[in-house]
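This report describes how two protein chains meet in a structural model. The sequence and structure are shown first.

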Amino acid sequence: MIKKEKFLPALVSGFSLAVISIVPIIQVATCCLFAPLAGMIGFNMYYLQVKNREGFKLKNSDGFHIGILIGIISGFFESIFQTLLIMVSKENPVYDSIILIQKYLPDMYIPETIWNISKEIDEKRFSLILTTTIFFNVFIVNSIFATIGSMLSISSLRKKLS
Amino acid sequence: MKKSTKINLIYLLITISSFIFLSLTFSFVFIKDFYMISFLKNFYGQICHQIEKRSFFVFSKPMLICSRCSGIFGGFLTLFLFVTFFSSLRKWLDKLNYKIILLFSLPLLIDWILNFIFKVESTNFVRFLTGFLFSIIPVYFINNLILQQERDD
């Protein structure tokens, strides 16, 4: 069961992960270490809260819960941040993506739907499809990597304690 | 199901997953569907900066992850493959002190500090190599997790 003790560390690290993910320079610097690091920090925060409780035992499932929670929370916040960034900027990530793919795969057929999304962003600076896609994309990736991070944290804590 | 079979299956599953994960970084070479390629590009874009200059090229097409990430994930797959097929390696690896294992992150950290703080550009091969050494750390801890699960069962 997801308890408050798990939700708060996941909220802090998930939110931080979402904030850091939209800062370009930091993103280039830390590359693939973001989400696992958030998972590790999240689990350590949880561990610090509950380690003195009677009968507490490190369980793999706790790491799994925290990892998934971080994925959901960071997905939620990052999709909002990215949407806001698109609204206030002149950038069109869908168009940039089309250009990049065409650079390496010039013969590829670009579906009409994609051009429509790109047009919608140019005109309204918002696309519900894009926001939803960002949410699911971030949720899937961060859930996997934050879970790996929190699992690594469990393993290292066990090593330390033994 | 026998306990040892279950554990071997977990190792095999992780190896296959990391093989698929690494194979898909070559998507520009073999995928011809726009939706698929843009999904994968965004997927890997979430975990890597995907700077072309810092990525390896296969058939003049960039990999979807940078050379450092290629080292980390490639190293993970290679080492996990060994651990999967040579079970004696699992216990040997688990007996090593975790502080010694953490030292394997030093080359990556030094390379990163030189690159990012002191602006000394290293080559993609160096980035790959330091990433490869770093990959011992996740393999060590994941191996420990699985063995711990086996002991708990």
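Chain B and chain A bury about 3500 Å² between them, with 71% of it on carbon and sulfur atoms; buried area is the accessible area (1.4 Å probe) that two parts lose on being put together, summed over both. F34(B), Q46(B) and L145(B) supply 21% of the area that chain B buries against chain A, more than any other three residues.

The model is predicted: local features need pLDDT of at least 70, side-chain atom pairs count only at pLDDT 80 or more, and totals for chains, interfaces and linings use all residues. Residues are numbered from 1 along each chain as its sequence is written, chains are lettered from A and ligands numbered from 1 in the order in which they are written, and side-chain values use heavy atoms, with hydrogens and water left out.

The contact (heavy atoms within 4.5 Å) draws on both chains as tabulated.

| Chain | Residues in the contact |
|---|---|
| chain B | 42 residues |
| chain A | 37 residues |

Two salt bridges are counted between chain B and chain A, a salt bridge being a side-chain nitrogen of Lys or Arg within 4 Å of a carboxyl oxygen of Asp or Glu. E52(B) forms a salt bridge with K103(A), and their closest N and O atoms are 3.2 Å apart.

Within chain A, S143(A) is buried, with a relative accessible area of 7%; buried means under 20% relative accessible area, exposed over 50%, and partly exposed in between (1.4 Å probe, protein chains only). Not counting residues up to four places away in sequence, S143(A) touches G67(A), I68(A), G71(A), I72(A) and V138(A).
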